[in-house]
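Here are my notes on this one, written as numbered points so you can check them against the viewer. Shout if anything looks off.

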Amino acid sequence: HCLQALGGRGLTLAQLRWIFTNWDDDALAQDKDGGVDLQSVVPSDNKNGVKEWSDLSELCAEAPINIYGAGGLSGTASFFCETVFCAPCFAQEPNHNAEHFPHCDPEDIRDL
């Protein structure tokens, strides 16, 4: 029901970037190379510091968004970074603080 409340087309690239980035909201909004309009991405953000489904739409549950990603050696991880964070766009920029997203380390998974 929640994703249908977001227009039925799934998440936008800007929403994915907000969900998966390790940047805080200020850095994400003010990035000179492609800031995100947070008011349109998370119109219901309650500013509690927790990324929740309800931040994306008031019709969604107030439940934390748990993120998972492929390991850093994965082609999936590379594609995701290139598409969502536009990693190659900024790779050559001096003093650019690259965005990263968490991923499951195979060593950690083995211990679960």
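1. A quick definition before anything else: "buried" here means under 20% relative accessible area, and "exposed" means over 50%. Keep in mind too that this is a predicted model.

2. Start with α6. A77, F80, C81 and V84 are its buried residues. Looking down the helix axis, they fall within an arc of 95°, so they line one face of α6. Residues three or four places apart in an α-helix point the same way, because there are 3.6 residues a turn. Over on the other side of α6, G75 and F79 are exposed.

3. Now α2, which spans residues 13-20. How many of its eight residues are buried? Six are, so the helix counts as mostly covered, given the under 20% cut-off. The buried ones are Q15, L16, R17, W18, I19 and F20. The cover over them includes α3 (25-30), α4 (38-41), α5 (53-56) and α6 (75-84).

4. On to the largest nonpolar core, which has 15 residues. Which of them touch the most other members? Those are W18, I19, L28, L38, V42 and L56. Two or more residues come from each of α2, α4 and α6, and α2 gives the most, with four. As background, nonpolar side chains tend to be buried together in soluble globular proteins.

5. W18 deserves a click of its own. Setting aside neighbours within four places in sequence, W18 is in contact with D25, L28, L38, V41, V42, K51, E52, D55, L56 and I65. Charged residues are on that contact list, including D25 and K51, next to core members such as L28 and L56.

6. Salt bridges won't take long: a search of the whole structure finds one. It joins the side chains of D45 and K47, at 3.9 Å from N to O. That pair makes the list because the cut-off is within 4 Å. Are the two partners buried or exposed? D45 is buried, with a relative accessible area of 17%, whereas K47 is exposed at 64%.

7. One last look at K47, for its backbone. This residue is found in the loop between α4 and α5, and its phi is positive, about 60°, although K47 is not a glycine. Most residues other than glycine have a negative phi. So if you're scanning a Ramachandran plot, K47 is one to look up.

Note on methods: Residues numbered from 1 in each chain as written. Predicted model: local features only at pLDDT ≥ 70, side-chain atom pairs only at ≥ 80, totals over all residues. Heavy atoms only, no water. Buried < 20%, exposed > 50% of the residue type's maximum accessible area, 1.4 Å probe, protein only. Contact = heavy atoms within 4.5 Å. Arc of directions from axis to C-beta. Core = buried A, V, L, I, M, F, W, Y, C linked by side-chain atoms within 4.5 Å.
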